[in-house]
Amino acid sequence: MTGESWIDLRCHPSTRTDAVRAIAVLVRRSANAELLMTFRLDGDISRILVPPPGTPRFARDLWKHTCFEAFIAIEGQPTYHEFNFAPSQEWAVYAFRGYRDGDPVTDEIMRPNIAIRSIANRLELDALVRLDSLSAIHPRAALRIGLSAVIEASDGISYWALHHPKDKPDFHNADGFTLLLEPPGPED
(Lines give C-alpha, C1' and ligand atoms only; values in the text may rest on other atoms or scores of the structure.)
Protein backbone atom coordinates (compact mmCIF):
# COMPACT_ATOMS: atom_id res chain seq x y z
CA MET A 1 0.00 0.00 0.00
CA THR A 2 1.11 3.55 -0.65
CA GLY A 3 0.57 6.93 0.94
CA GLU A 4 1.13 5.77 4.53
CA SER A 5 1.44 8.42 7.21
CA TRP A 6 0.16 9.00 10.74
CA ILE A 7 -1.72 12.27 10.87
CA ASP A 8 -2.81 14.06 14.03
CA LEU A 9 -6.37 15.32 14.31
CA ARG A 10 -6.95 18.57 16.19
CA CYS A 11 -9.72 19.22 18.67
CA HIS A 12 -11.88 22.21 17.76
CA PRO A 13 -11.04 24.89 20.35
CA SER A 14 -14.72 25.37 21.22
CA THR A 15 -15.15 21.72 22.26
CA ARG A 16 -12.27 20.81 24.56
CA THR A 17 -12.26 17.55 26.55
CA ASP A 18 -9.95 16.15 29.22
CA ALA A 19 -10.87 12.56 28.34
CA VAL A 20 -8.91 12.51 25.05
CA ARG A 21 -5.16 13.11 24.86
CA ALA A 22 -4.77 12.61 21.12
CA ILE A 23 -6.34 11.18 17.97
CA ALA A 24 -4.21 10.15 15.00
CA VAL A 25 -5.06 8.44 11.73
CA LEU A 26 -2.94 6.16 9.56
CA VAL A 27 -4.08 6.29 5.94
CA ARG A 28 -3.13 3.67 3.35
CA ARG A 29 -4.24 3.56 -0.27
CA SER A 30 -3.64 0.45 -2.36
CA ALA A 31 -3.44 -0.18 -6.09
CA ASN A 32 -6.41 -2.55 -5.80
CA ALA A 33 -8.85 0.28 -4.96
CA GLU A 34 -8.76 0.03 -1.16
CA LEU A 35 -8.51 2.89 1.29
CA LEU A 36 -7.64 1.71 4.79
CA MET A 37 -7.77 4.11 7.70
CA THR A 38 -6.74 3.32 11.26
CA PHE A 39 -8.09 5.82 13.79
CA ARG A 40 -6.15 5.74 17.08
CA LEU A 41 -7.65 7.48 20.12
CA ASP A 42 -5.47 7.85 23.22
CA GLY A 43 -7.11 8.94 26.45
CA ASP A 44 -9.15 7.89 29.44
CA ILE A 45 -11.30 5.31 27.64
CA SER A 46 -13.40 4.76 30.79
CA ARG A 47 -14.70 8.36 30.39
CA ILE A 48 -15.51 7.99 26.68
CA LEU A 49 -18.94 6.68 25.72
CA VAL A 50 -18.11 3.88 23.30
CA PRO A 51 -21.03 1.90 21.90
CA PRO A 52 -20.42 -1.85 22.23
CA PRO A 53 -19.68 -3.88 19.08
CA GLY A 54 -22.77 -5.18 17.36
CA THR A 55 -23.96 -6.24 13.94
CA PRO A 56 -22.52 -4.25 11.03
CA ARG A 57 -25.44 -2.30 9.58
CA PHE A 58 -26.38 1.06 8.13
CA ALA A 59 -27.49 3.55 10.78
CA ARG A 60 -28.36 7.24 10.75
CA ASP A 61 -27.15 9.96 13.11
CA LEU A 62 -23.95 8.17 14.09
CA TRP A 63 -22.24 11.57 14.30
CA LYS A 64 -24.30 12.35 17.43
CA HIS A 65 -22.14 9.93 19.41
CA THR A 66 -18.59 8.58 19.31
CA CYS A 67 -17.69 7.88 15.69
CA PHE A 68 -14.92 8.41 13.18
CA GLU A 69 -15.43 9.95 9.75
CA ALA A 70 -13.87 10.27 6.33
CA PHE A 71 -14.85 12.69 3.59
CA ILE A 72 -13.66 11.62 0.15
CA ALA A 73 -13.67 13.91 -2.90
CA ILE A 74 -12.00 13.70 -6.28
CA GLU A 75 -9.49 16.55 -6.51
CA GLY A 76 -11.10 19.59 -8.09
CA GLN A 77 -14.69 18.25 -7.93
CA PRO A 78 -17.50 19.62 -5.71
CA THR A 79 -19.00 16.14 -5.18
CA TYR A 80 -17.92 14.06 -2.19
CA HIS A 81 -18.83 11.08 -0.02
CA GLU A 82 -19.07 11.03 3.75
CA PHE A 83 -18.38 7.82 5.66
CA ASN A 84 -19.26 7.38 9.35
CA PHE A 85 -17.60 4.49 11.22
CA ALA A 86 -18.93 3.69 14.69
CA PRO A 87 -17.23 1.44 17.27
CA SER A 88 -20.52 -0.49 17.28
CA GLN A 89 -19.60 -1.47 13.67
CA GLU A 90 -22.58 0.51 12.44
CA TRP A 91 -21.84 2.66 9.42
CA ALA A 92 -23.30 5.34 7.20
CA VAL A 93 -22.43 6.62 3.75
CA TYR A 94 -23.73 9.80 2.14
CA ALA A 95 -23.23 11.05 -1.42
CA PHE A 96 -23.13 14.83 -1.84
CA ARG A 97 -23.50 16.87 -5.03
CA GLY A 98 -22.01 19.88 -3.25
CA TYR A 99 -21.73 21.37 0.23
CA ARG A 100 -24.27 19.50 2.42
CA ASP A 101 -26.42 18.75 -0.65
CA GLY A 102 -26.76 14.98 -0.57
CA ASP A 103 -28.49 11.80 0.44
CA PRO A 104 -27.72 8.59 2.32
CA VAL A 105 -26.50 5.58 0.34
CA THR A 106 -27.72 2.40 2.03
CA ASP A 107 -26.58 -0.09 -0.61
CA GLU A 108 -24.58 -2.90 1.04
CA ILE A 109 -21.90 -2.58 -1.67
CA MET A 110 -20.88 0.65 0.08
CA ARG A 111 -20.49 -1.01 3.50
CA PRO A 112 -17.02 -0.42 4.89
CA ASN A 113 -15.26 -3.16 6.82
CA ILE A 114 -14.81 -2.03 10.42
CA ALA A 115 -12.63 -3.63 13.11
CA ILE A 116 -12.20 -2.39 16.70
CA ARG A 117 -9.41 -2.87 19.26
CA SER A 118 -9.29 -1.44 22.75
CA ILE A 119 -6.42 -1.82 25.18
CA ALA A 120 -5.67 0.17 28.34
CA ASN A 121 -5.94 3.82 27.33
CA ARG A 122 -6.25 3.32 23.58
CA LEU A 123 -9.12 2.66 21.19
CA GLU A 124 -8.35 1.80 17.56
CA LEU A 125 -10.80 1.53 14.71
CA ASP A 126 -9.83 0.18 11.27
CA ALA A 127 -12.08 1.16 8.39
CA LEU A 128 -11.64 -0.28 4.90
CA VAL A 129 -13.42 1.50 2.04
CA ARG A 130 -13.57 0.12 -1.51
CA LEU A 131 -12.96 3.13 -3.75
CA ASP A 132 -14.42 1.32 -6.77
CA SER A 133 -17.77 1.22 -4.94
CA LEU A 134 -17.85 5.04 -5.15
CA SER A 135 -17.22 5.21 -8.91
CA ALA A 136 -14.99 3.80 -11.64
CA ILE A 137 -12.95 7.02 -11.47
CA HIS A 138 -12.11 7.02 -7.73
CA PRO A 139 -9.46 4.26 -7.82
CA ARG A 140 -7.40 6.16 -10.43
CA ALA A 141 -8.01 9.76 -9.30
CA ALA A 142 -6.19 12.11 -6.96
CA LEU A 143 -8.38 12.31 -3.86
CA ARG A 144 -8.99 15.08 -1.33
CA ILE A 145 -9.67 13.56 2.08
CA GLY A 146 -11.10 15.06 5.25
CA LEU A 147 -10.63 12.99 8.40
CA SER A 148 -12.57 13.68 11.58
CA ALA A 149 -13.95 12.27 14.79
CA VAL A 150 -16.83 13.01 17.13
CA ILE A 151 -16.05 11.91 20.66
CA GLU A 152 -18.77 11.67 23.30
CA ALA A 153 -17.22 11.71 26.77
CA SER A 154 -18.39 12.25 30.32
CA ASP A 155 -17.44 15.94 29.99
CA GLY A 156 -19.30 16.50 26.68
CA ILE A 157 -18.84 16.09 22.93
CA SER A 158 -15.64 17.13 21.19
CA TYR A 159 -15.01 17.51 17.47
CA TRP A 160 -11.67 16.55 15.94
CA ALA A 161 -10.42 17.10 12.38
CA LEU A 162 -7.33 17.50 10.24
CA HIS A 163 -8.23 21.16 9.85
CA HIS A 164 -11.03 23.33 11.24
CA PRO A 165 -11.52 26.15 8.71
CA LYS A 166 -14.31 27.98 10.62
CA ASP A 167 -15.23 29.21 14.10
CA LYS A 168 -17.74 26.36 14.43
CA PRO A 169 -16.95 22.69 13.75
CA ASP A 170 -18.01 21.88 10.18
CA PHE A 171 -16.58 18.69 8.70
CA HIS A 172 -18.39 19.32 5.38
CA ASN A 173 -16.39 22.44 4.59
CA ALA A 174 -14.14 21.40 1.68
CA ASP A 175 -11.35 23.61 3.05
CA GLY A 176 -11.01 20.90 5.71
CA PHE A 177 -10.28 18.18 3.11
CA THR A 178 -6.56 18.80 3.44
CA LEU A 179 -5.08 15.36 2.80
CA LEU A 180 -4.22 14.84 -0.87
CA LEU A 181 -3.79 11.21 -1.93
CA GLU A 182 -2.29 10.75 -5.37
CA PRO A 183 -3.30 7.65 -7.35
CA PRO A 184 -1.13 4.62 -6.63
CA GLY A 185 1.56 3.73 -9.13
CA PRO A 186 1.76 0.36 -10.91
CA GLU A 187 4.35 -0.97 -8.43
CA ASP A 188 2.16 -0.22 -5.34
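**Group meeting: a walk around strand β11**

Okay, let's start with strand β11, residues 143–153, which is mostly covered: ten of its eleven residues are buried. Buried here means under 20% relative accessible area, exposed means over 50%, and partly exposed is in between, with a 1.4 Å probe and protein chains only. Strands are DSSP runs of E with at least two residues, helices are runs of H or I with at least four, and both are numbered from the N terminus.

Before I go on, this is a predicted model, so local features need pLDDT of at least 70, side-chain atom pairs count only at pLDDT 80 or more, and totals for chains, interfaces and linings use all residues. Residues are numbered from 1 along each chain as its sequence is written, and side-chain values use heavy atoms, with hydrogens and water left out.

So who sits beside β11? Two strands count as paired if DSSP finds at least two bridges between them. Strand β5, residues 67–74, runs antiparallel to β11, with eight bridges joining them. Strand β12, residues 156–161, is also antiparallel to β11, over six bridges, and these two form a hairpin with two residues between them. Then there's β13, residues 179–181, joined to β11 by three bridges, again antiparallel. If you want to find that pairing on the screen, look for Ile145 opposite Leu179.

Now pick out one residue of β11, Ser148. Is Ser148 buried or exposed? It's at 1% relative accessibility, so it counts as buried. Across in β12, Ser148 stands opposite Ala161. Contact means heavy atoms within 4.5 Å, and leaving aside neighbours within four places in sequence, Ser148 has contacts that include Leu9, Phe39, Phe68, Glu69 and Trp160.

Back to β5 for a second, and its Cys67, whose bridge partner in β11 is Val150. How many disulfides does the structure hold? Zero, where a disulfide is a pair of cysteine sulfur atoms within 2.5 Å. Why isn't Cys67 bonded to Cys11? Because the sulfur of Cys67 is 15 Å from the closest cysteine sulfur, the one in Cys11, and that's too far for a bond. Both cysteines are tucked away, though: Cys67 is buried at 0% relative accessible area, and Cys11 is buried at 11%.

On to the core. A nonpolar core is a set of buried Ala, Val, Leu, Ile, Met, Phe, Trp, Tyr and Cys residues joined through side-chain atoms within 4.5 Å. The largest one has 57 residues, and those with the most contacts inside it are Met37, Phe85 and Leu147. Met37 touches both Phe85 and Leu147, and its other contacts include Val25, Ala70 and Leu125. As general background, in soluble globular proteins nonpolar side chains tend to be buried together.

For contrast, try Thr106, in the loop between β8 (101–104) and β9 (113–119). Thr106 is at 47% relative accessibility, so it counts as partly exposed. Setting aside neighbours within four places in sequence, Thr106 is in contact with Phe58 and Trp91. Arg60 is 46 residues from Thr106 in sequence, and 10.0 Å from it in space, C-alpha to C-alpha.

One last thing: which element gives the most to the lining of the largest pocket? That's β8, with three residues. A pocket is an open set of points on a 1 Å grid over the protein atoms alone, where a 1.4 Å probe fits, with protein on both sides within 12 Å along at least five of seven lines; lining residues have an atom within 4 Å of a point. There are 16 lining residues, and Trp63, Glu69, Glu82, Arg100 and His172 lie nearest the centre.
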